[in-house]
Amino acid sequence: MLRRASALLQAGRRPEGVWMELSGLYEPCPGGPDGSGGPRGPASRAGCCLHHVLVAADLEIMLGGEPFAAVEAPGQGRHWRQLDGCLAVSHHAGIPLAGLLERLADALEEGQDAQQARDSAAAGPRSTAQLLGFLPLAGIAMTALVGGPPTELLAGPLGWLVIGTGVGLAVIGHLWTRALIRRSEETT
């Protein structure tokens, strides 16, 4: 949407009319936020779909307000506030809006790529943690399959030593895996 808005602005469209023109490119949701098929007020209350947010933004611009300042959906609210900030900077500083929108689109795409990289990095430790959680049960099941009753094996002093060591190692493994996941999810 940002790149389309930038292209329209570069083609000579006025910033005030870009949002209404863009709204025609997106399918409106069936009911709209008020159930009548259209937005019921400023963009802050039209977060049902992109079409209605853009229509409400156009209305908010005509009323002299901040078109995206309070929008929370669709998408993330902070991205809408960043867009509203670009509009304010362009309006007050006279910076061409098309360039600001292109830079914002680049930044949002880079943020999305970084989030996907963090999710990929966290997938390995998560799956390892799940696998390690099932290994003690698998060991007991294998003991039963081989013919040794697990309760007799673990009932004596040697069994208690094995259980204690296993629980200690499981706790250490769980803490280590949580640290790996936390480190892979950290934003830089």
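**Exercise 1. Cys86 and Leu97**

Task: In this predicted model, is Cys86 buried or exposed, and which residues does Leu97 touch beyond four places away in sequence?

Solution:
- Step 1. Start with the accessible area of Cys86, which is 12% in relative terms. Buried means under 20%, so Cys86 is buried.
- Step 2. Now place Leu97, which lies in helix α5. Its relative accessibility is 8%, so Leu97 counts as buried too.
- Step 3. Look at the spacing of the pair: Leu97 and Cys86 are 11 residues apart along the chain, and their C-alpha atoms are separated by 7.2 Å.
- Step 4. List the contacts. Leaving out residues up to four places away in sequence, Leu97 touches Leu9, Pro15, Cys86, Leu87 and Ser90. Cys86 is thus one of the partners of Leu97.

**Exercise 2. Looking for disulfides**

Task: How many disulfides does the model have, and which cysteine sulfur is nearest to that of Cys49?

Solution:
- Step 1. Recall the chemistry: a disulfide is a covalent bond between the sulfur atoms of two cysteines.
- Step 2. Apply the cut-off, which asks for a pair of cysteine sulfur atoms within 2.5 Å. The count comes to 0 disulfides.
- Step 3. Check Cys49 by hand. The nearest cysteine sulfur belongs to Cys29 and is 3.7 Å away, and Cys49 is in no disulfide.
- Step 4. Add the surroundings: with 10% relative accessibility, Cys49 counts as buried.

**Exercise 3. A proline in a loop**

Task: Where is Pro30 placed, and is Pro30 buried or exposed?

Solution:
- Step 1. Find Pro30 in the loop between α2 and α3.
- Step 2. Read its relative accessible area, 84%. Exposed means over 50%, so Pro30 is exposed.
- Step 3. Compare sequence and space: Pro30 and Cys48 are 18 residues apart along the chain, with 9.8 Å between their C-alpha atoms.

**Exercise 4. The fold and its core**

Task: What is the secondary structure of the chain, and which residues touch the most other members of the largest nonpolar core?

Solution:
- Step 1. Count the elements: there are 7 helices and 0 strands. From the N terminus on, their order reads α-α-α-α-α-α-α.
- Step 2. Take the overall burial. The chain has 188 residues, and 27% of them count as buried.
- Step 3. Check the contact range. Among contacts with a separation of 6 or more, 42% join residues 24 or more positions apart.
- Step 4. Turn to the largest nonpolar core, which has 24 residues; Trp19, Phe68, Leu83 and Leu101 touch the most other members. Two or more residues each come from α1, α2 (15-23), α3 (50-62), α4 and α5. The top contributor is α5, with 6 residues.
- Step 5. Zoom in on Trp19. Not counting residues up to four places away in sequence, its contacts are Met1, Ala5, Leu54, Asp58, Ile61, Phe68, Leu83, Leu87 and Leu101.

**Exercise 5. The largest pocket**

Task: How much space lies in the largest pocket, and which element supplies the largest share of its lining?

Solution:
- Step 1. Take the volume, about 540 Å³.
- Step 2. Turn to the lining, made of 20 residues; Leu2, His79, Leu108, Glu109 and Gln112 lie nearest the centre of the pocket.
- Step 3. Sort the lining by class: 9 residues are nonpolar, 7 polar and 4 charged.
- Step 4. Assign the elements. At least two lining residues each come from α1 (2-10), α4 (77-93) and α5 (97-146). The largest share, 8 residues, belongs to α5.

Terms used
Residues numbered from 1 in each chain as written. Predicted model: local features only at pLDDT ≥ 70, side-chain atom pairs only at ≥ 80, totals over all residues. Heavy atoms only, no water. Buried < 20%, exposed > 50% of the residue type's maximum accessible area, 1.4 Å probe, protein only. 1 Å grid on protein atoms, 1.4 Å probe; cavity = no way out; pocket = protein on both sides within 12 Å on 5 of 7 lines; lining within 4 Å. Points joined across faces, edges and corners; volume = space filled by probe spheres on them. Helix = DSSP H or I, 4+ residues; strand = E, 2+ residues; numbered from the N terminus. Nonpolar A, V, L, I, M, F, W, Y, C, P; charged D, E, K, R; others polar. Core = buried A, V, L, I, M, F, W, Y, C linked by side-chain atoms within 4.5 Å. Contact = heavy atoms within 4.5 Å.
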